[in-house]
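Please go through the chain below with this briefing at hand. The notes are grouped by topic.

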Amino acid sequence: MRGSDLARAALEAAKAEAKARGVTKGRAKGSSSAGRSSVSRKRRRWSGPGADDRDPQPLGRLASRIMADRGWQGQLAGGHVFSRWAALVGDEVAEHAKPVTLQDGELTVQASSTAWATQLRLLQRQLLTKIAAGVGKDVVRRLKVQGPAAPSWRYGPRHVPGRGPRDTYG
């Protein structure tokens, strides 16, 4: 017996079995097309044309989901204050002041001179409004302005009491 004769015999045997079970022309007896589609949906392994959790997701969406699940929104918003400082407060202010720390809603800013420290204290409300518009309302609630860092005049083991040299360093 040749291979083609074996295949033909197997096909005839399968047809006879199907006829004995009541299946005709590829469809079970008494089944409608609606019933067949619901069965095929259960067996289907691909997601189809609609959106599905198994579909590839954009990296930004996954990062946002992880950030929300772990409660990192506050830390990321604080990072935006530092990374986008010039865009938030303006180029002129950013040229003369830099953010130092952000803890518990209090942003510490260091000015380049005492005159700019005074100016920043006067502009405090406007700066807080600009920052809130850029990164969120409750990220920065208070602004603490520091003057320039002055060098220490206390060298050696002995120290003379008094005010020391006075200069604005800026």
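Gly134 lies in helix 8 of this predicted model. Gly134 counts as partly exposed, because its relative accessibility is 28%, and the range for that class runs between 20% and 50%. Sequence neighbours within four places aside, Gly134 is in contact with Arg84 and Leu88. His80 sits 54 residues away along the chain, yet its C-alpha atom is separated from that of Gly134 by 8.7 Å.

**Overall make-up**

- The chain holds 8 helices and 3 strands.
- Read from the N terminus, the order of elements is α-α-α-α-α-α-β-β-α-α-β.
- The chain has 170 residues, and 17% of them count as buried.
- About 13400 Å² of the chain is exposed, with 54% of that area supplied by carbon and sulfur atoms.
- Among contacts with a separation of 6 or more, 52% link residues 24 or more positions apart.

**Helices 1 and 3**

- Helix 1 covers residues 3-21, which makes 19 residues.
- From first to last C-alpha, helix 1 reaches 27 Å, close to the expected 27 Å at 1.5 Å a residue.
- Gly22 comes just after helix 1 and takes a positive phi of about 100°.
- Helix 3 covers residues 59-70, which makes 12 residues.
- The C-alpha span of helix 3 is 17 Å, close to the 16 Å expected at 1.5 Å a residue.
- Gly71 follows just after helix 3, with a positive phi of about 75°.

**Nonpolar core**

- The largest nonpolar core contains 21 residues.
- Val81, Leu107, Leu120 and Ile131 have the most contacts inside this core.
- Two or more core residues come from each of helix 4 (73-83), helix 5 (85-89), strand 2, helix 7 (114-122), helix 8 (124-135) and strand 3.
- Helix 8 gives the largest share of the core, 4 residues.
- Which residues does Leu107 contact, leaving aside its neighbours within four places in sequence? The list includes Val81, Phe82, Trp85 and Ile131. Pro99, Thr101 and Leu102 are also on it. So are Val140, Arg142, Leu143 and Lys144.**Strand pairing**

- Strand 1 (residues 97-103) pairs with strand 2 in the antiparallel sense, over 6 bridges.
- The hairpin of strand 1 and strand 2 has 2 residues between the strands. In this hairpin, Asp104 takes a positive phi near 50°.
- Strand 2 (residues 106-111) runs parallel to strand 3, and 5 bridges join the two.
- Gln110 stands opposite Gln146 of strand 3.
- Strand 2 is mostly covered, with 5 of its 6 residues buried.
- Strand 3 (residues 142-146) has side chains that alternate between two faces. Leu143 and Val145 point to one face and are buried. Arg142, Lys144 and Gln146 point to the other face and are not buried.

**Thr108 in strand 2**

- Thr108 is found in strand 2.
- Is Thr108 buried or exposed? Thr108 is buried, because its relative accessible area is 8% and the cut-off for buried is under 20%.
- Thr101 stands opposite Thr108.
- Lys144 is the bridge partner of Thr108 in strand 3.
- Beyond residues up to four places away in sequence, Thr108 touches Lys98, Pro99, Val100, Thr101, Lys144 and Gln146.

**Ser113 in the loop**

- Where is the place of Ser113? Ser113 is in the loop between strand 2 and helix 7.
- Ser113 counts as buried because its relative accessible area is 8%, where buried means under 20%.
- A polar atom of the Ser113 side chain lies 3.2 Å from the backbone nitrogen of Trp116.

How values were computed:
Residues numbered from 1 in each chain as written. Predicted model: local features only at pLDDT ≥ 70, side-chain atom pairs only at ≥ 80, totals over all residues. Heavy atoms only, no water. Buried < 20%, exposed > 50% of the residue type's maximum accessible area, 1.4 Å probe, protein only. Contact = heavy atoms within 4.5 Å. Areas by Shrake-Rupley, 256 points an atom, 1.4 Å probe, with all protein chains shown as cover. Expected span 1.5 Å × (residues − 1). Pairing = 2+ DSSP bridges. Core = buried A, V, L, I, M, F, W, Y, C linked by side-chain atoms within 4.5 Å. Polar contact = N/O pair within 3.5 Å; in protein donor to acceptor, adjacent residues only side chain to side chain.
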